[in-house]
Amino acid sequence: MTTVITQVRLPKGIVKEVDKLVTKGLYTNKSDVIRDAIRKLILEQQIGTLKTNLDSISEVRVARTKL
């Protein structure tokens, strides 16, 4: 996977919460926290646009592999 550097400005309170997640060992570093949060946001948006059918689970799996 190719990565691109993107600068983001965050309020101090959010950065403190991100640091807590890293300190607790839930993530390796801040970048992992932010990547995971963005993936979850995008996936939620994509799931909201999926048509309701009997094979929605496989549609969600396909959407996740694109992230």
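The following paragraphs describe the salt bridges and a nonpolar surface patch of this structure, which is a predicted model.

Charged side chains are a suitable starting point. Side chains of opposite charge can pair when their charged atoms come close. In this model, four salt bridges are counted. The cut-off applied is a side-chain nitrogen of Lys or Arg within 4 Å of a carboxyl oxygen of Asp or Glu. Three of these pairs are considered here in turn, beginning with helix α1.

Helix α1 spans residues 12-23, and both K20 and E17 belong to it. These two residues form a salt bridge in which the closest N and O atoms are 3.1 Å apart. Along the chain, K20 and E17 are separated by three residues, about one turn of the helix. How accessible are the two partners, K20 and E17? K20 has a relative accessible area of 43% and is therefore partly exposed. E17 is likewise partly exposed, with a relative accessible area of 43%.

A second salt bridge joins the side chains of D19 and K30, with an N to O distance of 3.4 Å. This pair links distant parts of the chain, since D19 lies in helix α1 and K30 in helix α2, 11 residues apart. Helix α2 itself covers residues 30-48. D19 counts as partly exposed because its relative accessibility is 28%. Its partner K30 is also partly exposed, with a relative accessible area of 40%.

The third pair is found within helix α2. Here K40 forms a salt bridge with D36, and the closest N and O atoms are 3.3 Å apart. Because K40 and D36 are four residues apart in helix α2, about one helical turn separates them. With a relative accessibility of 48%, K40 counts as partly exposed; the limit above which a residue is called exposed is 50%.

Attention may now turn from charged to nonpolar side chains. Which residues make the nonpolar surface patch of about 480 Å²? The patch is made by V8, L10, I14, I34, I38 and I42. Helix α2 contributes the largest share of this patch, namely three residues. One residue of the patch, I34, is placed in helix α2. Why can I34 be described as partly exposed? The reason is that its relative accessible area is 33%, which lies between the limits of 20% and 50%. A patch residue must have over 30% relative accessible area, and the 33% of I34 satisfies this requirement.

Helix α2 thus appears in both parts of this account: it holds the pair K40 and D36, and it supplies three residues of the nonpolar patch.

Key. Residues are numbered from 1 along each chain as its sequence is written. This is a predicted model: local features need pLDDT of at least 70, side-chain atom pairs count only at pLDDT 80 or more; totals for chains, interfaces and linings use all residues. Side-chain values use heavy atoms; hydrogens and water are left out. Helices (H or I, at least four residues) and strands (E, at least two) are DSSP runs, numbered from the N terminus. Buried means under 20% relative accessible area, exposed over 50%, partly exposed in between (1.4 Å probe, protein chains only). Patches are made of residues with over 30% relative accessible area and no salt bridge: like charges are joined within 9 Å, nonpolar side chains (Val, Leu, Ile, Met, Phe, Trp, Tyr) within 5 Å. Accessible areas come from the Shrake-Rupley method with a 1.4 Å probe; for residues, only the protein chains shown count as cover.
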